[in-house]
Amino acid sequence: MLAAMPDSALSPLSAGGPALRDSGDACPGTLRLHRADDGALARVRVPGGVLSADRADALLAAAGRFGDSELHLTSRGNVQLRGLDAECGGGLAELLTAAGLLPSAAHERARNIVASPLAGLDGSPPVSGWLSGLDGLVCGSAAAASLSGRFLFALDDGRGDVDALGADVTLIAAGDSCLLRIGASDEVFRVPGGEGPRAALLAAEAFLRAARDSGAWRVKDLPDGVRADLVRTVGAGAGPAVHRPRPRTATPPAPGAHASTSAISVDVPLGRLTSSQWRLLTETARRYGNELRLTPWRGIVVPGPFAHDEAVEALRALDAAGLITAPDSPWTGVGACIGRPGCAKSLSDVRAEAGAAVGPVGRLPVYWSGCERRCGHPHGEWIDVVATPDGHRISHVRGERRDPRTTVPTVRNGDPARLAAAVAEARAL
């Protein structure tokens with residue numbers, strides 16, 4: 001059985017660790033809006049990315065009533081609404097609460113849970129029980145309300161896709177049991193499958209106790225010694241340890257039909273959906289499984305089942321609407337932050353630049369950032385394009401490290417053809 005971990009179980013923070021946070025967590029939510037150059041921004045947490053058709057309709061209504069009518073997918077399978085009136089918070093919260101999208105005002109930014117999008121659809125085990133159980137436990141924990149908006153849970157069906165995303169607490173399906181990972185530790189702990197959600201919550205609460213003197217927002221922010229103590233303490237309250245390194249790179253669902261049309265999947269160019277695209281996806285979901293699954297790779301899985309002809313026709317309509325329905329799309333693997341004019345910190349309109357540079361599908365994904373913050377960047381291995389005061393710096397990133405041996409020299413402003421060629425060359429590495 002899992003045991004709660006006492007406050008005294010973790011050692012004090014060691015000297016010489018990461019710098020203390022000198023400001024509060026400004027991560028946006030639906031009750032705390034972020035002011036951007038294109039208006040206020042709300043981030044709606046969608047645990048596991050799972051939306052019923054009715055809740056998808058509510059998000060579209062919110063975008064149209066309060067914002068710019070578009071919906072933006074995030075790298076955690078959440079939805080951002082942009083162009084909002086800064087005074088719309090009360091009305092927005094009322095609409096989302098009525099739709100069941102805001103079950104706890106105190107926990108609305110803590111409900112960061114990603115899940116394997118194809119879980120239960122292609123022969124892999126479902127994680128829906130874990131998802132509902134963990135979300136309920138988080139919302140019922142007074143301590144969990146203190147988790148930062150950056151803290152992340154992941155529920156992996158065993159394929160390693162969301163395990164690779166660098167979550168703070170990860171559950172991995174393993175037969176009748178599950179494996180519990182803390183941060184990037186290579187050591188995981190086996191717990192009974194039915195106790196997985198509780199084990200994940202206890203681990204998050206233990207992190208809060210470990211972080212209270214540092215203000216760390218995530219497990220990786222803890223000093224090395226404190227982080228190691230956290231892993232040992234969680235393990236003492238869980239089950240046997242298993243050596244299982246975290247996967248280096250995630251593999252998102254490929255656009256198209258899956259497992260004999262048990263589901264279809266589409267990617268969204270730069271994660272930006274018009275109201276007509278969102279409405280088409282919602283109507284498709286309502287005709288079949290009545291569910292959408294937003295992925296951490298800015299895509300959407302529509303569970304079926306579909307007859308073969310139905311899948312073909314649905315994908316044809318979604319393709320005509322401008323969504324990515326096949327792996328050979330030039331947009332496959334291309335991502336970008338919001339850039340100019342939406343963000344005052346951005347040095348460039350990176351979305352326009354990314355669109356101008358699309359070409360043959362590269363071996364590696366590419367992510368364009370308007371500044372060094374790299375908001376929303378992927379995990380694993382990718383080509384990193386960052387706008388600088390002098391142009392663009394292009395680098396090959398592997399895991400959490402940037403390899404200086406493969407850095408492409410900065411591309412100066414005013415030469416879009418050279419920029420596109422340099423990005424294509426880097427993606428082919």
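Helix α3 lies across strands β6, β7 (153-156), β8 and β9 and runs at about 160° to β7. Helices (H or I, at least four residues) and strands (E, at least two) are DSSP runs numbered from the N terminus. Contact is taken as heavy atoms within 4.5 Å. Axes are lines fitted to C-alpha atoms, for helices over the stretch in contact, and angles run from 0 to 180 degrees between N-to-C directions. The model is a predicted one, in which local features need pLDDT of at least 70, side-chain atom pairs count only at pLDDT 80 or more, and totals for chains, interfaces and linings use all residues. Residues are numbered from 1 along each chain as its sequence is written, and side-chain values use heavy atoms, with hydrogens and water left out.

Confidence is expressed as pLDDT, the predictor's confidence in each residue, from 0 to 100. The protein chain averages a pLDDT of 90, and 92% of the residues score at least 70. Over residues 3-22, however, the pLDDT is below 50, and this stretch has 40 contacts in the model beyond near neighbours in sequence. Where pLDDT is low, the predicted coordinates should not be read in detail.

The sheet beneath the opening description is open and consists of six strands in the order β6-β7-β8-β9-β10-β11, with mixed pairing. Its edge strands, each of which pairs on one side only, are β6 (113-115) and β11 (241-243). On average, neighbouring strands of this sheet are turned by 25° against each other, direction ignored. Two strands are regarded as paired if DSSP finds at least two bridges between them. Strand β8 (residues 169-174) and strand β9 (residues 177-182) run antiparallel and are joined by six bridges; Leu171 has Leu180 in β9 as its bridge partner.

A second helix, α4, lies across β7, β8, β9 and β10 (187-192), at about 160° to β8. The axes of α3 (residues 128-140) and α4 (residues 196-211) come within 8 Å and cross at roughly 40°. This crossing of α3 and α4 is right-handed, the term used if the near helix is turned clockwise from the far one by less than a right angle, whereas an anticlockwise turn is left-handed. On the α3 side the contact is made by Trp130, Gly133, Leu134, Leu137 and Val138, and on the α4 side by Pro197, Arg198, Ala200 and Leu201. These residues divide into seven nonpolar, one polar and one charged, where Ala, Val, Leu, Ile, Met, Phe, Trp, Tyr, Cys and Pro count as nonpolar, Asp, Glu, Lys and Arg as charged, and the others, Gly among them, as polar.

Another open sheet has five strands in the order β1-β2-β5-β4-β14, with antiparallel pairing. Strands β1 (34-36) and β14 (272-273) form its edges, each pairing on one side only. Three bridges connect β4 (residues 71-73) with the antiparallel strand β5 (residues 79-84), and His72 has Gln80 in β5 as its bridge partner. Helix α1 (residues 53-66) lies across β2 (39-44), β4 and β5, at about 15° to β5. In the loop between α1 and β4 lies Ser69, a residue other than glycine with a positive phi, near 75°.

Helix α1 also packs with helix α6 (residues 275-287), at an angle of about 165° and with the axes 9 Å apart. The two helices are therefore roughly antiparallel, a description applied to angles over 145 degrees, with those under 35 counted as roughly parallel, 65 to 115 as roughly perpendicular and the rest as oblique. Their crossing is left-handed. Ala53, Asp54, Ala56, Asp57, Leu59 and Leu60 of α1 meet Ser275, Trp278, Arg279, Thr282 and Arg286 of α6. The residues of this contact comprise five nonpolar, two polar and four charged.

Further antiparallel pairing involves β15 (residues 291-294), which is joined to β3 (residues 50-52) by three bridges, with Glu291 in β15 as the bridge partner of Ser52. Two bridges also join β15 to the antiparallel strand β16 (residues 299-303), and Leu294 stands opposite Ile300 in β16. Strands β15 and β16 form a hairpin with four residues between them, and Arg298 in the turn has a positive phi of about 55°.

Cis peptide bonds were also examined. The bond from Gly304 to Pro305 is cis, with omega near 10°, and Pro305 lies in the loop between β16 and α7 (308-320). The bond from Arg340 to Pro341 is likewise cis, with omega near 0°; Pro341 is found in the loop between β17 (334-336) and α8 (350-357).
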